[in-house]
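Biologist: I'm new to this one, so please pick a single part and walk me through it closely. Keep it informal.

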Amino acid sequence: MNPLIAPGQFEFNPSALTALEDCSEVSVYAPGYIQPYGVLLILQEPHLTILQVSENVEKFLDLAATALVGQPLQRLFSRSQVKRVAEFLRQDNLEQCNPFVLKTRAQTFRGTLHRIDNALILELEPQSLINKTHSIQFYHQLQTSILSLRSAISVTDLAQTLAKQVKAMTGFDRVMIYRFAADDHGVVIAEERETHLESYLGLHFPAIDIPAPARKLFLRNWVRQIPDINYTPAPLISADDFHVEQPIDMSNCILRGVSPYHIEYLQNMGVAGSLTISLIDDQRLWGLIACHHYSPNLVNYETRKTCEFLGQFASIEFVRQQERELDRYRTQIKTIQDKLQQSFLREPNFIQQVLTQNATELLNLVHAEGMAIALDQQISLLGQTPTLEEVQALLTWLPQLDQSDIYPTNCLIRLYPPASAFTQVASGILAISIMLHHKSYHILWFRPEQVQTVNWAGNPQDAVVIDDLGNRHLCPRKSFELWKETVRETSLPWQLTEVEAARMMQNILMMAVLEFSQTALEQAAERATIANRAKSQFLAKMSHELRTPLNAILGFTQIMHRNSNIPTDFQEPLNIINRSGEHLLSLINDVLEMARIESGQLILAERYFNLHRLLRSLQEMFTLKAAQKGLELLFKEDPDVPNYVCSDEAKLRQILINLISNALKFTTQGSVVVQVSIAPIQDVEPNCTCYPSTSPPCHALRLAFVVQDTGCGLDRRDWETVFEAFMQTEQGRNVEGTGLGLSISRQFARLMGGDITVQSTVGQGSIFTCQVVLHQPEAMNLLESGTDYLVVGLEPGQPTYRILVAEDVFENQQLMKMLLESIGFEVGAVENGAEAIAQWQSWQPHLILMDIQMPVMNGYEATRQIRLQESVNQQQRTPIIALTAAAFEDDRTASLQVGCDGYIAKPFSEIVLFEEIAYHLGVRYRYREPSSQTSYHLTQKPLTSQDFNVMSPEWIIQVHEAALDLSDEKLRQLVTLIPKSEQALIEAMTSLIDNFQLEAIANLTQI
């Protein structure tokens, strides 16, 4: 236990004492009276009327104070002197006029002027005549003092020299150099005294001895004189009709009265007269030159000004001496720092290792006994330290201080009570911290408890008294005899030079961390570049490898659909194969699109297309799914929505597919409505990069696609989450999907100059709004089929068109031959680019379908050589369409750059292929008439939850769990358990499973 704090006693600390402080600013700044060794007048401009005057004026001017108030200043001084004072008032800075001489018949005064609010303060101090010889002696004495101060070799030597010179100059019995510590208590660091006086050297004085208002005054005024401690105050006398609303601020007055608290304090010390000179370091009160005399002692103006100058010069010298000491210390630690810097330069990636290897130097840097190095959660302990767990807890607490990035304390327990467990090794800490890239780096130095004896000038607790009511008050201390305090749980204080060394170390650590971070970033960037390149190559390879066989699967399925001789029993298996392939293709596309987005390769592939036909195809695509769930699917288009637009049809199609698919997926009853309208647009440049031609002029328009459902809805917290890649809501986790659809769709919409937003209410439904900027052509020259019916042949009367297929995969080669020959084209096939060039030269095809990745010579090089030969021989240009499983946008760009006229990604739709051929060759097709038969799936009655009541609850639960697990195999096994008499349920369940509508089954069987 601290000996100063006994049970039930007052806790003696600076904050507790300050709370009891009775010394108010008013009592210090505006006491309402003066010391009687001069006269003070309050004047009113412009006539310099006397509003107030000190009561002792009669002693100096033989006029009663009451006779002067309300009178002009000319009542005291001649007209010429008053006129000169009035001229002073025109100056911007009155201090430049002070002091000046004013004379009466009997007395000469030294006057000083101060302006306060709307009045003037005029101080009159009797002037003692100093002959010229005496002035020269002052000059030589001041010169000698300055030379002595300049020759000091340390702060202590400077302080002692200063005390000696001031005593010689002023003649005071005792002169002390009083220095303020960090907690504002003071210590006497130098003293000159008469031999019969006891010494105060080394004694400590509590901060409350000089209250905060008094310290502020010492910062404003360099010199404060109290010639006679036991003076009789001279109050200010006012005219009867003059009322002062607030006490007059006398902060700058030489004659200002002294606080009774301070008077009693000095009386208790036995002092009769005093002079105090401030020592200031950059707007901070560094210390005081305290002069005490044990009989009254009036110091004349010249001596006070000399002391003031000496105090100002000494203030500079103290700062310079501290800098010298700091420089000497810096020189000592520079070797340590240079060694650390060199080590960091050699091994920037091993900061912890470098610091650990130089532990001795780091400890010597600040004279510590132990240290902890904590770099991004990795902690090393060196020397005498708390345990690892205690250090970890301390590091967690440190940021709560909200301190700067450097924190010294020699009494950690004061703010951190858990430090009581390790005071023997860490009563004091010096911590430096760095925060960079959300990572923290710390070095903590520890000092053990240092049991100290502090010599106080009297017991500081004597400053607290308890009144009859038990309230505590401050009072001037009566005893200044040596009082020793034993201080525990405190380390030796961290010196300014040591804190400065720690700050230098912080800079070195910062540079090391930045160097490490830069190196790490460069390495990470290099790894990321390599990884991205590898990822792109891998994705391109996988895209080609997956799309190539998928092209054959979907292509042959389309050919088989064209054959009217296919048995009816095979139609549904063919549909399943086709739907499975399309589902797999959509998953591949999602992953590839996300890869494009992450690599920044996403660009628009704009071309003209029929917007209304796109909407019809989407309606037909989702009608079956909506009917199976018993939902109403409505498409509504505003009359002014154009037929033909220019944009990236594939990306717009994918956006709408994702939005409509999600709406149907999360809606179990009600409807899904798709509304298309034109939204207002401003400040959009009417430019586009429409493929295949940009010559027709276009104008920009903004289309809004609103998809509204009556489904489960979204919590507001999920409105943005649903657009994050691989993020799914709670409802979304129960249905199939990659979690990429909405993320990709929003990226597409933003690429097209718009965005996707959502508004939703849980249990009521959602509204997804997609706005995109498209371009509407004013004129068109596009060949449109005008129908979505199946192409069955060429119209009569046309030439026999020769089409060359360059394809290295046999299955795809056969697919192209069968498909094109069934229409009426003459088809030639080759396996590589070299053969394609030879066949082009000999056979002269009307169009070439060029695969890109082929052996011997790839499609790029083959196309390049064909274009070169056409140019050299001035041959007619043969249309070349790139037909490749490489599906990245830069593949399309590269194909067009080498000379291809078009680009089709595998797997392809036969409609896209035939339209591309028609555009380049101008062919006309025959189409199959629409069937009069209605699809079974569209007429089939949708399933409801009641339809499952024919089965047992256990069976329904198993179906529900299998649907949630996305196990179509388990579902098919459960379908076999349905009685044959429930054929409608069997067929409906089979249809839902075949069409991947497992979420519909999960919703229908939810109990």
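**A loop and the sheet it leads to**

Modeller: Let's start at Q844, which sits in the loop between α21 (833–843) and β33. Those labels are DSSP runs numbered from the N terminus: helices are H or I with at least four residues, strands are E with at least two. Before going on: this is a predicted model, where local features need pLDDT of at least 70, side-chain atom pairs count only at pLDDT 80 or more, and totals for chains, interfaces and linings use all residues. Residues are numbered from 1 along each chain as its sequence is written, and side-chain values use heavy atoms, leaving out hydrogens and water.

Back to Q844: it isn't a glycine, yet its phi is positive, about 50°. Its relative accessible area is 52%, so it counts as exposed (over 50%, with a 1.4 Å probe and protein chains only).

Now β33 itself. Strand β33 (residues 847–850) pairs with β31 (residues 802–806) in the parallel sense, over four bridges; pairing takes at least two DSSP bridges between two strands. One partnership to look for is A806 with M850 of β33.

Zoom out and you get an open, parallel sheet of five strands, ordered β32-β31-β33-β34-β35. At its edges are β32 (826–830) and β35 (902–905), each pairing on one side only. From one strand to the next, the twist averages 20°.

Two helices lie across this sheet, where contact means heavy atoms within 4.5 Å. Helix α20 (residues 810–823) crosses β31, β32, β33 and β34 (880–884), at about 170° to β32. Helix α24 (residues 910–921) crosses β31, β33, β34 and β35, at about 170° to β35. Those angles run from 0 to 180 degrees between N-to-C directions, with axes being lines fitted to C-alpha atoms, for helices over the stretch in contact.

Methods: Buried < 20%, exposed > 50% of the residue type's maximum accessible area, 1.4 Å probe, protein only.
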